[in-house]
Amino acid sequence: MKKSILKHVILTATVLAAGFYGCKDNADKLTAVDENSASNETANLVVNLADTGIKIEPTMYGIFFEDINFAADGGLYAEMIKNRSFEFTLPKMGWLEPNSDRHKYNKGSGFLSPMKYPGETTNHNYARVEVKGPDYELINEGFRGMGIKKDAKYNLTIDAKKVSGDIQKINFQFIAENGVEVGKTSITPETTGWKSYEAQLTATNTVMKAKLKITFEGTGTIDLDMVSLFPEDTWKGRKKGLRKDIVELLDGLNPGFLRFPGGCIVEGRTLERRYQWKKTVGDIEDREILVNRWNTEFSHRLTPDYYQSFGLGFFEYFQLSEDLGAEPLPILSCGIACQFNTGELVPMDQLDPYVQDALDLIEFANGSTATTWGKLRADMGHPEPFNLKYIGIGNEQWGPAFIERYKVFHKAIKAQYPEIKIVSGSGPFPEGDYFEYGWEELKKLNVEIVDEHYYKPPSWFRENATRYDSYDRKGPKVFAGEYAAQSVAIASPENKNNWECALSEAAFMTGLERNAEVVTLTSYAPLMAHADGWQWTPDMIWFNNLKSYGTPNYYVQKLYGNNPGTDLLSITENEKPLTGQHSLYASAVKDAHTNELIIKVVNTSDGKQTVDISAIGSNFAGRGTITTLRHDDLSSENSFDNPQNINLYDVDFQVKDGKIELELQSQSMNVIKIKI
């Protein structure tokens, strides 16, 4: 991968910087797609600083989170033990007994047997360990290993109950990939009843794929459950909380909203396996796990060990939204399983429990502590309401079955909570008969927001910068809820987070911003992926057990999210919006809080371009800043080894004769900021 070479030169009123790139064989090259190649002529742009009356919603640029690619367990949720409560379909999955043989007596070691709790419980299993000799070892492999950092502390908790014999101590060790110990601690089991124990390990070395080994002193039988391990250094220092480095990347996006928990994961491959928010709140120990719907979805990335512990549940999502200063946007099942799988329907006369789930969720988020669900929120540590304003019904459902069910939700929610804005959907594709049918029916219902999704080639994004120019200004608003340029093809494991994809998205997003009267929420998808556990590409953030980094797509989103402005302005050339002429795309906003003009200009050509920007209605201050994102190679990516290969850099410029004159680098995204 080539390194970006950035040269900063300021020549009077012209900013020069360096760089740029080529593309994947089976993706359209920019130079082949753009009808208007760059020329040496200056593009004369005019910004009208008069008030358009169109506001940029605070929700304009947000985050879409889905538990795909091990984004929750093994990712954002910092738990390091896989199958901590022995609840997987195969209860010993994730656990190893290297010195045991299920076909032998194991006289010198021992054996673990999964046991069922009596009665109806949400925590179904525990482990009964017969320790017969000193050679018994029980090892948890973690989520593709456990990332530990030298001198960092890790908090262990475990539930244990002595059954028989005389086990005096339980030892815990971090072991490196070569089997060497890199941290240890122990507990002393005390009673014949269940008791929770705590201990702490300090890592003596940094290891990417460590494991946790458990051994016993003495012999006998002991029961174990909820074996849990978290880094002490979590986001905001919360016990059993979120992975700090990943949340810091999310926080850096300055998101206006957080959509959760998906995505197709909301729907489930069957209705029985749909996401049910009520099972994700309350005590962590009582949250019933569920097989993740992405575990065997793709033959190219089978992950049968992919489950949801729901340690990251709806309370934690609301809490994270609050931490990020983002509006929470929960999405709930509408009574249709994923139509790419079974498409199973709940009968209309059995829809009431699904509708009640939506009403109860609003009470959980906003209700007083005197209400049933508001009290649960308070009991979990948040007596103040979360101030939920939005709720989504269904994800990518389509056809008459969705409209029929949506109507029931809409009527019930509006009757009880008329202030809540409901997000509906137009299906998984941005065109076609079902898309048109969905829009037609949703308009009849006067819905507030319609969710559109598009996973398309980079060329589609450049060609669709005008997509929303013709949308009805008096119709429903648009949530561009899932989008990402696909360098190869949708769902291909060969898709890359390369610079061509990111640049094309940047060009497209100028069209979203120019149409802020219609488009009120936007989010890239999917959000993140584990380097060793992904199913879908591309993804905005990549992480392994130790590190995380933002892709070029991340930095495009960051530029928009941190420069949203408050009021839409007009920027034109020859009285027309810049939507690809000379391979340039542009949008402009004013930030009323800082009294700044913010212009986004994307140059998709393979040559530098000079722009001459003048203003109507006011004057520019004498000095401004241009932030640029670029690279010479279209196929270039960021990586763990070079996480800032494609990154942002700032250069100051000066106004000359009342105008901004800039030389834009080839194939670059630029954010120009200046006081007005």
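## His631 and the overall fold

His631 has a relative accessibility of 1% and therefore counts as buried, the limit for that class being under 20%. The structure is a predicted model. In sequence, His631 lies in the loop that runs between strand 31 (623-630) and strand 32 (648-654). The side chain of His631 takes part in polar contacts with the side chains of Ser636 and Asn645, as listed below.

| Side-chain pair | Polar contact |
|---|---|
| His631 and Ser636 | 3.4 Å |
| His631 and Asn645 | 3.3 Å |

The protein as a whole contains 11 helices and 34 strands. Its radius of gyration is 27 Å, which agrees with the value near 26 Å that a compact globule of 676 residues would have. The C-alpha trace extends over about 90 × 60 × 45 Å along the principal axes.

Burial is also described for the full set of residues: 59% of the 676 residues count as buried, and His631 is one of the buried residues. Of the contacts between residues at least 6 apart in sequence, 77% link residues at least 24 apart.

Turning to the surface, the protein has an accessible area of about 26,000 Å². Carbon and sulfur atoms account for 47% of that area. As for charge, the protein carries 72 positive and 92 negative charges, and the mean positions of the two sets are 3 Å apart.

Conventions: Residues numbered from 1 in each chain as written. Predicted model: local features only at pLDDT ≥ 70, side-chain atom pairs only at ≥ 80, totals over all residues. Heavy atoms only, no water. Helix = DSSP H or I, 4+ residues; strand = E, 2+ residues; numbered from the N terminus. Buried < 20%, exposed > 50% of the residue type's maximum accessible area, 1.4 Å probe, protein only. Polar contact = N/O pair within 3.5 Å; in protein donor to acceptor, adjacent residues only side chain to side chain. Rg over C-alpha atoms; globule rule 2.2 N^0.38 Å. Contact = heavy atoms within 4.5 Å. Areas by Shrake-Rupley, 256 points an atom, 1.4 Å probe, with all protein chains shown as cover. Lys, Arg positive; Asp, Glu negative; His and termini not counted. Charge placed at Lys NZ, Arg CZ, Asp CG, Glu CD.
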